[in-house]
Amino acid sequence: MPTTVIHSIRSLVTNDPALGRGPLGLVEDAAVVLDGEEVAWVGPSAEAPAADEAYDARGRAALPGFVDSHSHLLFAGDRTQEFNARMEGRPYEAGGIRTTVAATRAASDEALEANLTRYLAEALRQGTTTFETKSGYGLTTEDEARALRIAARHTDEVTFLGAHIVSPDHAADPAAYVALVTGEMLDACAPHARWIDVFCEKGAFDGDQARAILTAGKAKGLHPRVHANQLSYGPGVQLAVELDAASADHCTHLTDADVDALAHSDTVATLLPGAEFSTRAEWPDARRLLDAGATVALSTDCNPGSSFTSSMPFCVALAVRDMGMTPDEAVWAATAGGAAALRRTDVGRLSPGARADLALLDAPSHVHLAYRPGVPLVSAVWRRGTRVA
């Protein structure tokens, strides 16, 4: 691949304090040199080395590609009627997932993959260059395994979520379903996934069931993630920290002990403001977590039931407006924070040796992501060194 210099960047977010100002490592009037799939050089535009190709950023801002560390893109159908009813006052409940389970089981592999690629392309146009996605809408061994096989064709960050809810087929015997998830289903799914997740919540799985599922996954080489404390207080966050989960996701209802546990662990608190927006639920308190010293990520939670958005810029704006984050904190959480939630060091930053993933904004500063909510500001995207949007 030829080398490329992107020059005349008004403000560049590197997320490397050694390269620039503050935690975002901001470099003004900057340039980035891409060599193959990696960043080769970052610095002042006037000092940029020669490259095979040049791209004039014309005074626009640039930042690392967004890292969306929590999505549910292997599904069929939608839940428009449920959303409409919720806007009329019905509360969100975990059981609505069953509607998507039925549609997903009935869909062909081709339909599921077409749906996945549609939303991935949508996210890419909005600057997302790394994404995680989960199974969880099949809830049979065959349907969970096929979802993961399809996902693995498009990302390395694949999560087995057979423990999304108790399968409707086992509604009368949840223990039997836990045995299936930790046995035959796990055996079939583990070869296609990196992560294992569980929805630890009233109406889904309790703490003991979640521990059994995550422990079984660890024994098969899968690393834990946890849907934790979304709808109510519960054991999810403490369990995530106990098992060294990469992330505890949602984190809406937290005790002081939960916040302290996250702040003194390697488990990232991944906040999903699209879910609160779509369900009119209480917002997570990002300020409380950040002030305690916890690592915070932002993600879309893109799914057909509770957060049907693929837009990381939208989530950045929500986090700033309603969750107590500054624009700098929200951008860091949507890039470097997401990378931490996936335990990745090659993405979420723009410094030498990082993967050459970059989003260029039609704005002079990253602050415009929150300042101009809903405006399609991403004007160009590079992924693995190639311009893709």
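Q: How much space lies in the largest cavity?
A: About 90 Å³. A cavity here is a set of points, on a 1 Å grid over the protein atoms alone, where a 1.4 Å probe fits but cannot get out. Grid points are joined across faces, edges and corners, and a volume is the space filled by probe spheres set on the points.

Q: Before we go on, what kind of model is this?
A: This is a predicted model, where local features need pLDDT of at least 70, side-chain atom pairs count only at pLDDT 80 or more, and totals for chains, interfaces and linings use all residues. Residues are numbered from 1 along each chain as its sequence is written, and side-chain values use heavy atoms, with hydrogens and water left out.

Q: Ok, back to the largest cavity: which residues are closest to its centre?
A: His72, Tyr92, His164, Asn303 and Ser306, out of 13 that line the largest cavity. Lining residues have an atom within 4 Å of a point.

Q: And how does that lining split by class?
A: The largest cavity has 4 nonpolar, 7 polar and 2 charged residues in its lining. Ala, Val, Leu, Ile, Met, Phe, Trp, Tyr, Cys and Pro count as nonpolar, Asp, Glu, Lys and Arg as charged, and the others, Gly among them, as polar.

Q: How many cavities of 30 Å³ or more are there?
A: The count is 2. The second largest cavity holds about 40 Å³, and its lining includes Leu74, Thr104, Tyr137 and Arg146. Helix H4 (residues 141-152) gives the largest share of that lining, 4 residues. Helices (H or I, at least four residues) and strands (E, at least two) are DSSP runs, numbered from the N terminus.

Q: What about open space, how big is the largest pocket?
A: About 240 Å³. A pocket is an open set with protein on both sides within 12 Å along at least five of seven lines. The largest pocket has 17 lining residues, and Leu120, Ala121, Leu124, Thr128 and Phe131 lie nearest its centre.

Q: Which element gives the most to that lining?
A: H3, with 6 residues. Helix H3 (109-125) and strand S7 (128-134) each supply at least two residues. By class, the lining of the largest pocket divides into 8 nonpolar, 7 polar and 2 charged.

Q: While we're on H3, is glutamate 122 buried or exposed?
A: In between: glutamate 122, which sits in helix H3, is partly exposed at 25% relative accessibility. Buried means under 20% relative accessible area, exposed over 50%, and partly exposed in between (1.4 Å probe, protein chains only). Glutamate 122 and serine 311 are 189 residues apart in sequence, yet 8.3 Å apart in space, C-alpha to C-alpha.

Q: And S7, which strand does S7 pair with over 3 bridges?
A: S7 pairs with S8 in the parallel sense. Two strands pair if DSSP finds at least two bridges between them. Threonine 133 has valine 158 in S8 as its bridge partner. S8 also runs parallel to strand S9 (residues 195-200), joined by 3 bridges, with threonine 159 opposite tryptophan 195.

Q: Why is S8 called largely enclosed?
A: Because 7 of the 7 residues of strand S8 (residues 157-163) are buried.

Q: What about S1 and S2, how do they pair?
A: Strand S1 (residues 3-12) and strand S2 (residues 27-35) are antiparallel over 7 bridges, and isoleucine 9 partners alanine 30 in S2. S2 is also antiparallel to strand S3 (residues 38-44), over 6 bridges. The hairpin of S2 and S3 has 2 residues between the strands, and glycine 36 there takes a positive phi near 65°.

Q: Switching topic, how many disulfides are there?
A: The count is 0; a disulfide is a pair of cysteine sulfur atoms within 2.5 Å. The sulfur of cysteine 200 is 12 Å from the closest cysteine sulfur, in cysteine 251, so it is too far for a bond. Cysteine 200 is buried at 4% relative accessibility.

Q: Last one: how many aromatic pairs does a search of the whole structure find?
A: There are 7. Rings of Phe, Tyr and Trp (its six-membered ring) pair if their centres lie within 6.5 Å; planes under 30 degrees apart count as stacked, over 60 as edge-to-face and the rest as tilted. Phenylalanine 277 and phenylalanine 314 have ring centres 5.1 Å apart and planes at 90°, so that pair is edge-to-face.
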